[in-house]
Amino acid sequence: MTQASPLRVLVTGANGRTGRAVVRALARRAVPGAPVCVRALLRDPAQWPAVAALGAAEFAVGDMTDPASLAVALRDCDTLVHIGPPMHPLERVMTGHFIAAAQAVGLRHFVYYSVLQPLRRDIRHHRLKLEAEEDLVESGLAYTILQPSRYMQHLEPIWKTVLSAGVHAMPFSTEVRFNVADLLDLAEATATVVAESAPSAAQPGLYHFGSFELAGPEALSQQDMAGIIGAVTGRAVTAAQVPIAEMEARARAAGFGEDRVGQMASMNRHYDAHGMPGNPRVLAMLLGREPTSFRAYVRRLSENTPG
Ligand SMILES: NC(=O)c1ccc[n+]([C@@H]2O[C@H](COP(=O)([O-])OP(=O)(O)OC[C@H]3O[C@@H](n4cnc5c(N)ncnc54)[C@H](OP(=O)(O)O)[C@@H]3O)[C@@H](O)[C@H]2O)c1
């Protein structure tokens, strides 16, 4: 009996927060008639054991700024899930390298992990992702653009402090609203788009030539989130706004360069003025269920990471 050839998927940014979640979701996903083989793009082979533990089958070493390494990494792949580094000034250039490499190898499906509402152009990385989306749409490649909202997981780095201080602090107004999404839902939706578009799927190409907004189920302010954290943990938690100057100082202390610090400041000023509400129906459609609520996410976090 001949073995069905695998659906080979290159995931970029595979060692990052999003990439790891997507690798794990893809490796667990069944594609009818074809095993999924996840190839991780890494900058450093030392990252491989941790990414292999998530279920990746292969890795390629490459740099998104080096087109030659990307052409090699994409060889024999059916699908690319391109997850660029956050707030990177070369987002459009790097995505352009992948578009050229994909055209050269005749890639079947280019999945671009963008951002919710890239038309908010005064946030630089939204503008760069919008321009990269435009390049992809006009490339002649079969594409899917995913536009995920802000993650619920932004709570994780501050979780212990929130519990000990009883304050949920972010560098924007406590009143503006966001449809935050669970990264695990976003990764599952990404895997669905890949698997259900595969040549061996019931409707090959099902999600080709589509752009999908992926927002969480509720429009929540920091005050709402503080209330939910308090209710789940049984502690008093209030919301507070960190001044932008303090956020900048903390980001510099954490080792971020000036370009990144400036991007974080301008994004948070935009959030302060507008928040980022979105609509959850497309994410629900891709998941085949309602997206995870913030309350359910906090319950999971508190069970896995007690304060
Ligand atoms: N956070 C959110 O709420 C949110 C919402 C919507 C969309 N997004 C998007 O999600 C994407 C990923 O964000 P993230 O927080 O998961 O990022 P992350 O954890 O910082 O991971 C970025 C990954 O990219 C890799 N990388 C950086 N520069 C590279 C280069 N030149 N060549 C090859 N690899 C390189 C890094 O490699 P190393 O491991 O070697 O450093 C890392 O593995 C971003 O495009 C962001 O805009 C995020």
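Let's start with the layout. The C-alpha centres of domain 1 and domain 2 sit 27 Å apart. One thing to keep in mind throughout: this is a predicted model.

Where do the two domains run along the chain? Domain 1 is assigned to 7-148 + 183-215. Domain 2 takes 149-181 + 216-278 + 293-307. So much for the bounds.

Now the contact between them. Domain 1 puts in 21 residues, and domain 2 puts in 22 residues. Together they bury about 1800 Å². Carbon and sulfur atoms give 57% of that area.

Which three residues supply the most on the domain 1 side? They are M87, R120 and A215. That trio accounts for 31% of the area domain 1 buries against domain 2, more than any other three residues.

Next, the polar side of this interface. Ten residue pairs are in polar contact across the interface of domain 1 and domain 2. How many salt bridges does the rule find across that interface? One.

Here is a salt bridge to look at on screen. R124 pairs with D259, and their closest N and O atoms are 2.7 Å apart.

On to the ligand. Its shell draws at least three residues from each of domain 1 and domain 2. In total, 23 residues surround the ligand. The closest are T18, Q47, M64, G84 and K129.

What is that shell made of, by class? Eight residues are nonpolar, ten are polar and five are charged.

Let me pick out three distances. Take K129, already named among the closest residues. An N or O atom in the K129 side chain is 2.7 Å from an oxygen atom of the ligand. Then G16: here a polar backbone atom lies 3.0 Å from a ligand oxygen. And D63: a polar side-chain atom of this residue is 3.0 Å from a nitrogen atom of the ligand.

How much of the ligand does the protein cover? On its own, the ligand has 940 Å² of accessible area, and the protein covers 83% of it.

To recap: two domains, one salt bridge across their interface, and a ligand shell that draws on both. Thanks, everyone.

Note on methods. Residues numbered from 1 in each chain as written. Predicted model: local features only at pLDDT ≥ 70, side-chain atom pairs only at ≥ 80, totals over all residues. Heavy atoms only, no water. Near = heavy atom within 4 Å. Polar contact = N/O pair within 3.5 Å; in protein donor to acceptor, adjacent residues only side chain to side chain. Areas by Shrake-Rupley, 256 points an atom, 1.4 Å probe, with all protein chains shown as cover. Nonpolar A, V, L, I, M, F, W, Y, C, P; charged D, E, K, R; others polar. Domains from an automatic or database assignment. Contact = heavy atoms within 4.5 Å. Buried area = accessible area lost by both parts, 1.4 Å probe. Salt bridge = Lys/Arg side-chain N within 4 Å of Asp/Glu carboxyl O.
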